[in-house]
Amino acid sequence: MLFRRRLSILCSLLHSPLVCSFQPSCGRSGTSCGRSGGAAAAAARQQLTPKSRIMASPIDDELASWAQEMNFGVVDKRVPTGSSGWASFSKVSVTNPPTNEDGKTVSFFVKSSGRSNAEMFEGESLGLDAMYACSAAGDGGDALRIPKVYKSGDFASGNGSFLIMEYLNLAGRSDDLALGKALARMHLAEANEERGNAKKAFGFPLDNTIGGTPQPNPWTAPNSGTKEWIEFFCKFRIGHQLDLAGDSYCSNLWEKDIEPRLPLLFEDLSGDKEIKPSLLHGDLWSGNIGSADGSPSVFDPAVYWGHHEAEWGMAWCAGFGKSFWDGYRSLIPEDDGFLDRRPLYDAYHQ
């Protein structure tokens with residue numbers, strides 16, 4: 001019902017010159033911010049249990065080969081940190097560990113699953129790689145703390161997969177001003193080959209999921225701008241959700257009253273305001289925001305390249321206050337029509 005309401009608001013907006021100021025709250029009936037996640041949940045997955053070593057399993061063989069290949073010595077210890085319905089988690093240390101950018105010794109957070117890498121970890125790995133590369137563009141401390149990915153792949157035995165990344169000391173949310181600046185730095189990072197988008201297009205190298213919902217990410221044309229973004233969002237975001245919902249009322253409202261007028265919401269974004277691809281976390285709500293060693297951190301992403309304003313589709317459930325927006329807007333000022341476009345981006349997440 002809320003999705004219907006969102007589309008009705010968009011319909012009214014596109015038939016009216018008035019700016020939409022609809023601001024839902026996290027507690028509104030019919031909305032849900034309850035996706036599993038959060039700094040506490042993420043930290044719990046990394047919290048050590050008192051029972052020491054795990055019995056040998058296929059992941060042990062993979063870790064031994066990987067450590068030798070990377071000249072990290074041998075695996076000193078692997079300790080369980082939890083599990084979910086789809087994967088098991090461990091903290092791993094080696095005898096000759098690398099250091100991170102702060103010069104600190106690195107331990108590793110390892111996920112393993114009985115399903116293939118393509119099903120489980122390839123999308124997460126590529127997303128974290130892209131966020132890591134784009135966040136490294138920050139200076140003056142205005143950078144997200146993203147774990148470095150070391151390897152993902154299938155077990156040599158063929159009966160499962162794994163993901164090895166830097167272990168972070170995750171904690172709760174800290175400085176919102178720094179978080180705003182750090183997210184702006186990531187959004188401002190230019191698309192290029194090193195960051196996985198050599199053609200400067202919208203999309204991502206593969207499809208992924210947002211929560212439990214499939215998210216298609218086919219690339220648009222090279223050097224894409226506002227026109228291509230509108231087409232991408234119409235077809236692969238709202239259109240895709242409507243296909244999944246199978247709701248004829250919403251589909252008719254979208255196709256007849258909203259989609260044909262959608263360019264009106266973007267008429268200010270041309271010329272030097274043309275939309276350029278920004279790397280998006282893609283599922284940015286309060287449960288996916290925390291900190292690591294005092295720096296802002298975001299996790300459990302649904303990464304793709306899109307319009308930076310699309311990042312705020314979950315802002316109604318992210319607790320962004322004045323301090324956050326002061327930080328973000330100090331680097332990315334608000335574009336004309338931003339408030340008009342917000343219901344469009346909110347609709348995708350509801």
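## Burial and the model

A residue is called buried when its relative accessible area is under 20%, exposed when that area is over 50%, and partly exposed in between. The structure described here is a predicted model. With a relative accessibility of 58%, Gly319 counts as exposed. Gly319 sits in the loop that runs between β12 (304-306) and α9. Along the sequence, Gly319 and Asp176 are 143 residues apart, while their C-alpha atoms are 9.7 Å apart in space.

## Strands β1 to β3

Strand β1 (residues 75-83) is joined to strand β2 (residues 88-94) by seven bridges, and the two run antiparallel. Together β1 and β2 make a hairpin, with four residues between them. Within this pairing, Pro80 is found opposite Ser90 of β2.

On from β1, strand β2 also pairs with β3, again in the antiparallel sense, over five bridges. Here the bridge partner of Lys91 is Phe109 in β3. Strand β3 covers residues 108-113 and is mostly covered, with six of its six residues buried. In a regular strand, side chains alternate between the two faces of the sheet. In β3, Phe108, Val110 and Ser112 point one way, and Phe109, Lys111 and Ser113 point the other way. The residues of both groups are all buried.

## Strands β4 and β5

Strand β5 (residues 161-166) pairs with β3 over six bridges in the antiparallel sense. Two positions in β3 show how the strands line up: Lys111 stands opposite Leu163 of β5, and Ser112 stands opposite Phe162 of β5. Because six of the six residues of β5 are buried, this strand is largely enclosed by the rest of the structure.

Strand β4 (residues 149-154) is joined to β5 by five bridges, and these strands run antiparallel. Val149 has Met165 in β5 as its bridge partner. The two strands, β4 and β5, form a hairpin with six residues between them. In the turn of this hairpin, Gly158 has a positive phi of about 85°.

## A three-stranded sheet

An open sheet is formed by three strands in the order β6-β10-β11, with antiparallel pairing. Its edge strands are β6 (170-171) and β11 (295-298), each of which pairs on one side only.

Strand β10 (residues 289-292) is connected to β11 by four bridges, and the two run antiparallel. Gly290 is placed opposite Ser297, which belongs to β11.

## Salt bridges

The whole structure contains twelve salt bridges. One of them brings together the side chains of Arg115 and Glu119, at 3.7 Å from N to O. Arg115 counts as partly exposed because its relative accessibility is 42%.

Another salt bridge is made by the side chains of Lys273 and Asp335, with an N to O distance of 3.4 Å. This pair links distant parts of the chain, 62 residues apart: Lys273 is in the loop between α8 (248-258) and β9 (278-280), and Asp335 is in the loop between α9 and α10. Lys273 has a relative accessibility of 43% and so counts as partly exposed, whereas Asp335 is buried, with a relative accessible area of 12%. The side chains of Glu309 and Arg341 also meet in a salt bridge, at 2.7 Å from N to O. Because Glu309 lies in the loop between β12 and α9 and Arg341 in helix α10, the pair ties together parts that are 32 residues apart in sequence. Glu309 and Arg341 are both buried.

## A negative surface patch

Glu267, Asp268, Glu334 and Asp336 form a negative patch on the surface. Glu334, one of these residues, is located in the loop between α9 (322-329) and α10 (338-348). This loop also holds Asp335, the salt-bridge partner of Lys273. Glu334 counts as partly exposed because its relative accessibility is 46%.

Conventions
Residues are numbered from 1 along each chain as its sequence is written. This is a predicted model: local features need pLDDT of at least 70, side-chain atom pairs count only at pLDDT 80 or more; totals for chains, interfaces and linings use all residues. Side-chain values use heavy atoms; hydrogens and water are left out. Two strands pair if DSSP finds at least two bridges between them. Patches are made of residues with over 30% relative accessible area and no salt bridge: like charges are joined within 9 Å, nonpolar side chains (Val, Leu, Ile, Met, Phe, Trp, Tyr) within 5 Å. Accessible areas come from the Shrake-Rupley method with a 1.4 Å probe; for residues, only the protein chains shown count as cover. A salt bridge is a side-chain nitrogen of Lys or Arg within 4 Å of a carboxyl oxygen of Asp or Glu. Lys and Arg count as positive and Asp and Glu as negative; His and the chain ends are not counted. The place of a charge is taken as NZ of Lys, CZ of Arg, CG of Asp or CD of Glu. Buried means under 20% relative accessible area, exposed over 50%, partly exposed in between (1.4 Å probe, protein chains only).
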